[in-house]
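Thanks for coming. Please look at the sequence and the structure on the screen while I talk.

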Amino acid sequence: MNKMNAMMMLFPGAALAVLTGCQTAEPATASSPITKYTCPMHPEIVRDAPGNCPICGMTLVEKH
């Protein structure tokens, strides 16, 4: 099979992938913001609730 035939076979699949992947996301609700907390010294530590860093023990701060 030559290159032109291969491209013609791949194009519909690529077009379908692009069209189905471009859906709009639902807007976030303002009534339930999700607050994350992180360690100032270890930004890789992210939690859903306040507490202490498991590495150094510092108090987690609200992530902005």
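I will go through the confidence, the sheet, the core, the cysteines and a few loop residues.

This is a predicted model, so I start with the confidence. Across the protein the pLDDT averages 77, and 50% of the residues score at least 70. Which element has the lowest mean pLDDT, and which the highest? Helix α1, residues 3–21, is the lowest with a mean of 60, and β1 is the highest with 98. Where pLDDT is low, the predicted coordinates should not be read in detail. For the rest of the talk I leave the helix alone.

Next, the overall layout. The protein has one helix and three strands, and along the sequence they come in the pattern α-β-β-β. There are 64 residues, and 11% of them are buried. The accessible surface is about 5600 Å², with 65% of that area on carbon and sulfur atoms. As for contacts between residues at least 6 apart in sequence, 15% of them join residues at least 24 apart.

Now the sheet. In what order do the strands stand? The order is β2-β1-β3, in an open sheet with antiparallel pairing. β2 and β3 are at the edges with a single partner strand each, so each has one side without a neighbour in the sheet. The pairing of β1 with β3 is antiparallel and runs over two bridges. If you want a residue to look for, find Thr-38, which stands opposite Val-61 in β3.

On to the core. Which residues form the largest nonpolar core? There are five: Tyr-37, Cys-39, Ile-45, Cys-53 and Leu-60. Take Tyr-37 as an example. Setting aside residues up to four places away in sequence, Tyr-37 touches a run from Ile-45 through Val-46, Arg-47, Asp-48 and Ala-49 to Pro-50, and also Leu-60, Val-61, Glu-62 and Lys-63. Of these partners, Ile-45 and Leu-60 are also listed in the core.

Two members of that core are cysteines, Cys-39 and Cys-53. A disulfide is a covalent bond between the sulfur atoms of two cysteines. How many disulfides does a search of the whole structure find? The count is zero. For Cys-39, the nearest cysteine sulfur is that of Cys-53, 3.7 Å away, and Cys-39 is in no disulfide. Why is there no bond at Cys-53? The closest cysteine sulfur to that of Cys-53 is in Cys-39, and because the distance is 3.7 Å, it is too far for a bond. The cut-off for a disulfide here is 2.5 Å between the sulfur atoms. Are these two cysteines buried or exposed? Cys-39 has a relative accessible area of 2%, so Cys-39 is buried. Cys-53 is buried as well, at 4%.

His-42 also touches one of these cysteines. His-42 is in the loop between β1, residues 37–38, and β2, residues 46–47. With a relative accessibility of 17%, His-42 counts as buried, because buried means under 20%. Beyond four places in sequence, the contacts of His-42 are Cys-53, Ile-55 and Cys-56.

Last, three loop residues. I begin with the loop between β2 and β3, where we find Asp-48 and Ala-49. Asp-48 counts as exposed, with 56% relative accessibility, whereas Ala-49 is partly exposed at 42%. Not counting neighbours within four places, Asp-48 is in contact with Thr-35, Lys-36 and Tyr-37. On the same terms, Ala-49 is in contact with Tyr-37 and Leu-60. Ala-49 and Leu-60 are eleven residues apart along the chain, and their C-alpha atoms are 8.7 Å apart. Asp-48 and Glu-62 are 14 residues apart, with 9.6 Å between their C-alpha atoms.

The third residue is Thr-35, in the loop between α1 and β1. Thr-35 is partly exposed, at 28% relative accessible area. What does Thr-35 touch, leaving out residues up to four places away? Its contacts are Arg-47, Asp-48 and Glu-62. Thr-35 and Arg-47 are twelve residues apart in sequence, and the C-alpha to C-alpha distance is 8.8 Å.

To recap, we have a three-stranded open sheet, a core of five residues and zero disulfides. That is the end of my part.

Definitions and conventions:
Residues numbered from 1 in each chain as written. Predicted model: local features only at pLDDT ≥ 70, side-chain atom pairs only at ≥ 80, totals over all residues. Heavy atoms only, no water. Core = buried A, V, L, I, M, F, W, Y, C linked by side-chain atoms within 4.5 Å. Buried < 20%, exposed > 50% of the residue type's maximum accessible area, 1.4 Å probe, protein only. Contact = heavy atoms within 4.5 Å. Helix = DSSP H or I, 4+ residues; strand = E, 2+ residues; numbered from the N terminus. Areas by Shrake-Rupley, 256 points an atom, 1.4 Å probe, with all protein chains shown as cover. pLDDT = per-residue confidence, 0-100. Pairing = 2+ DSSP bridges.
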